[in-house]
Amino acid sequence: MGNRSRQDDELKTRVDEVLHYLWDPIGVRDNPAARDEYSSYVRHVCNMLKDDASVDQISKHLGIIKTMSMGMPASWNNESDKEVASILIDWKETIFGE
């Protein structure tokens, strides 16, 4: 059980980093004061990853966040969302050894 908790913590850290440094749709990665800008999305993305969501499902979720929470156009940088989703899945597989 302790190992699972460490894996969950590691996944949370990696998801937070990927969202902040790679996804970063509003361009705050270079602003230390905005380090927690995407933190509210981490838990749901982690749950999606642990539920084996696909690249398309995660990408769609990221797109919904951008349009519904950030007011961006639905077509804004969808390819980036897919790349980020793929990276997130790779991290999950690395951490959980899948």
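Q: Where is the place of Ile87?
A: Happy to start there: in this predicted model, Ile87 sits in helix 4.

Q: Why is Ile87 called partly exposed?
A: Its relative accessibility is 31%. Partly exposed covers the range between the buried limit of 20% and the exposed limit of 50%, so Ile87, at 31%, counts as partly exposed.

Q: What makes the nonpolar surface patch, and which elements give two or more residues to it?
A: Tyr21, Leu22, Ile87 and Trp91 make the patch, which covers about 350 Å². Helix 1 (2-23) and helix 4 (78-96) are the elements that give two or more residues to it.

Q: What lies over the face of Trp91, and how do you know that it counts as a charge over a ring?
A: That is Arg14, at 5.0 Å from the ring centre. The distance limit is 6 Å, and Arg14 at 5.0 Å is listed as lying over the face of Trp91.

Q: How do you know whether His20 is buried or exposed?
A: Look at its relative accessible area, which is 2%. Buried means under 20%, so His20, at 2%, is buried. This residue is found in helix 1.

Q: Which residues does His20 touch, leaving aside those up to four places away in sequence?
A: His20 touches Val28, Arg29, Ala34, Arg35 and Tyr38.

Q: Why is the pair of Trp23 and Tyr41 called stacked or edge-to-face?
A: A search of the whole structure finds two aromatic pairs. In the pair of Trp23 and Tyr41, the ring centres are 6.4 Å apart and the planes are at 90°. Rings pair if their centres lie within 6.5 Å, and planes over 60 degrees apart count as edge-to-face, so the pair of Trp23 and Tyr41 is edge-to-face.

Q: What makes this pair tie together parts that are apart in sequence?
A: Trp23 lies in helix 1, whereas Tyr41 is in the loop between helix 1 and helix 2 (42-50), so the pair ties together parts 18 residues apart in sequence. Both Trp23 and Tyr41 are buried. Ring pairs also link Trp23, Tyr38 and Tyr41 into a cluster.

Q: Why is Lys92 called buried or exposed?
A: Lys92 has a relative accessible area of 6%. The limit for buried is under 20%, so Lys92 is buried. Lys92 has its place in helix 4.

Q: What does Lys92 touch, not counting residues up to four places away in sequence?
A: The contacts of Lys92 are Leu11, Leu49, Lys50, Asp52 and Glu98.

Technical notes: Residues are numbered from 1 along each chain as its sequence is written. This is a predicted model: local features need pLDDT of at least 70, side-chain atom pairs count only at pLDDT 80 or more; totals for chains, interfaces and linings use all residues. Side-chain values use heavy atoms; hydrogens and water are left out. Patches are made of residues with over 30% relative accessible area and no salt bridge: like charges are joined within 9 Å, nonpolar side chains (Val, Leu, Ile, Met, Phe, Trp, Tyr) within 5 Å. Accessible areas come from the Shrake-Rupley method with a 1.4 Å probe; for residues, only the protein chains shown count as cover. A salt bridge is a side-chain nitrogen of Lys or Arg within 4 Å of a carboxyl oxygen of Asp or Glu. Helices (H or I, at least four residues) and strands (E, at least two) are DSSP runs, numbered from the N terminus. Buried means under 20% relative accessible area, exposed over 50%, partly exposed in between (1.4 Å probe, protein chains only). Contact means heavy atoms within 4.5 Å. Rings of Phe, Tyr and Trp (its six-membered ring) pair if their centres lie within 6.5 Å; planes under 30 degrees apart count as stacked, over 60 as edge-to-face and the rest as tilted. A charge sits over a ring if NZ of Lys or CZ of Arg is within 6 Å of the ring centre and within 35 degrees of the ring normal.
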